[in-house]
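Reader: I would like a close look at one part of this model, starting from a single strand pairing and working outwards. Please keep it plain and say what each residue does in the picture.

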Amino acid sequence: AILQTFIYGLLTKYSPDELQMYLLDFSSHMLASFEDAPHVGGVVSDNQEDRLDKFFNMLTDMLNERRGILQGGNYTQYVQAYGIKIPAIMVVIDNFAAFRAKCGEKYDELLQRLAREGVGYGIFMVVSSQGFGIAEIPTRLGDSIRTVISLEQQDKFKYMDVLRRSRIDS
């Protein structure tokens with residue numbers, strides 16, 4: 001429900017000229033309710049492998065195209081200089097563990113690149129997960145994620161894992 005609330009909030013705050021979204025739904029299929037929103041370029045679910053390949057090819061093209069458009073600058077500088085001529089892009093992956101179980105490591109390199117470079121190009125990634133680790137978000141990708149929001153965890157040690165901390169004050 002939190003992911004749906006987050007998406008709905010963005011849809012009501014920004015116009016389609018300011019924000020475009022691509023939703024990968026590997027969980028409850030609740031993101032399909034956003035499919036007809038003018039901001040949403042598509043919703044791909046876990047049984048649509050051909051659409052998933054097309055999406056990641058398109059994402060690669062978007063990253064490369066924006067590198068050329070921004071010519072060494074970043075998206076924030078571009079918007080300050082010219083206004084919003086190209087929309088921000090939000091890629092949402094609901095249930096990252098199920099996504100990886102279905103796809104394996106096929107898209108890991110591109111997702112790593114997106115986590116590392118995407119913000120500079122105005123392409124943002126949001127993932128939902130139970131945490132970090134082999135079965136969830138791998139360490140290599142987790143190290144590139146800048147902001148983590150954690151809901152209730154079983155104990156403080158799980159918070160340490162999720163928030164990437166070596167200790168948490170009680």
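Author: This is a predicted model. In β2, L24 has V44 as its bridge partner. That contact belongs to a parallel pairing of β1 with strand β2 (residues 40–45), which runs over 5 bridges. β1 also pairs with β3, again in the parallel sense, over 7 bridges. Within β3, the residue opposite Y22 is V91.

Strand β1 covers residues 19–25, and 7 of its 7 residues are buried. In a regular strand the side chains alternate between the two faces of the sheet. Both faces of β1 are covered. One side carries L19, M21, L23 and D25, and the other carries Q20, Y22 and L24, all of them buried.

The start of β1 leads to a pocket. L19 is one of the residues lining the second largest pocket, together with F6, L10, Y14, E18, Y75, V79, I84, A88 and M90. The elements that give two or more residues to this lining are α1 (2–13), α3 (75–82) and β3 (88–94). The space in the second largest pocket comes to about 160 Å³. Its lining divides into 9 nonpolar residues, no polar ones and 1 charged. The charged one is E18, because Glu counts as charged.

Next comes helix α4. Its buried residues are F96, A97, F99, R100 and C103. Viewed down the axis of α4, these buried residues fall within an arc of 160 degrees, so they line one face of the helix. Just after α4, G104 takes a positive phi of about 65 degrees.

Helix α4 also takes part in a salt bridge. Side chains of opposite charge can pair when their charged atoms come close. The structure holds 5 salt bridges. In one of them E49 pairs with K102, with the closest N and O atoms 3.6 Å apart. This pair links distant parts of the chain, since E49 sits in helix α2 (residues 49–70) and K102 in helix α4 (residues 96–103), 53 residues apart. E49 is partly exposed, at a relative accessible area of 48%. K102 is partly exposed as well, at 42%.

A salt bridge also joins the side chains of D53 and K106, at 2.8 Å from N to O. D53 lies in helix α2, while K106 lies in the loop between α4 and α5 (108–117), so the pair ties together parts that are 53 residues apart in sequence. D53 is partly exposed, with a relative accessible area of 28%. K106 has a relative accessible area of 54%, so this residue counts as exposed.

The last group is a network of salt bridges that links R113, R116 and E117. Within the network, R116 forms a salt bridge with E117, and their closest N and O atoms are 3.5 Å apart. R116 is partly exposed, with a relative accessible area of 46%. E117 is also partly exposed, at 24% relative accessibility. Buried means under 20% relative accessible area, so E117 does not count as buried.

Notes
Residues are numbered from 1 along each chain as its sequence is written. This is a predicted model: local features need pLDDT of at least 70, side-chain atom pairs count only at pLDDT 80 or more; totals for chains, interfaces and linings use all residues. Side-chain values use heavy atoms; hydrogens and water are left out. On a 1 Å grid over the protein atoms alone, a cavity is a set of points where a 1.4 Å probe fits but cannot get out, and a pocket is an open set with protein on both sides within 12 Å along at least five of seven lines; lining residues have an atom within 4 Å of a point. Grid points are joined across faces, edges and corners, and a volume is the space filled by probe spheres set on the points. Helices (H or I, at least four residues) and strands (E, at least two) are DSSP runs, numbered from the N terminus. A salt bridge is a side-chain nitrogen of Lys or Arg within 4 Å of a carboxyl oxygen of Asp or Glu. Buried means under 20% relative accessible area, exposed over 50%, partly exposed in between (1.4 Å probe, protein chains only). The arc is that of the directions from the helix axis to the C-beta atoms. Two strands pair if DSSP finds at least two bridges between them.
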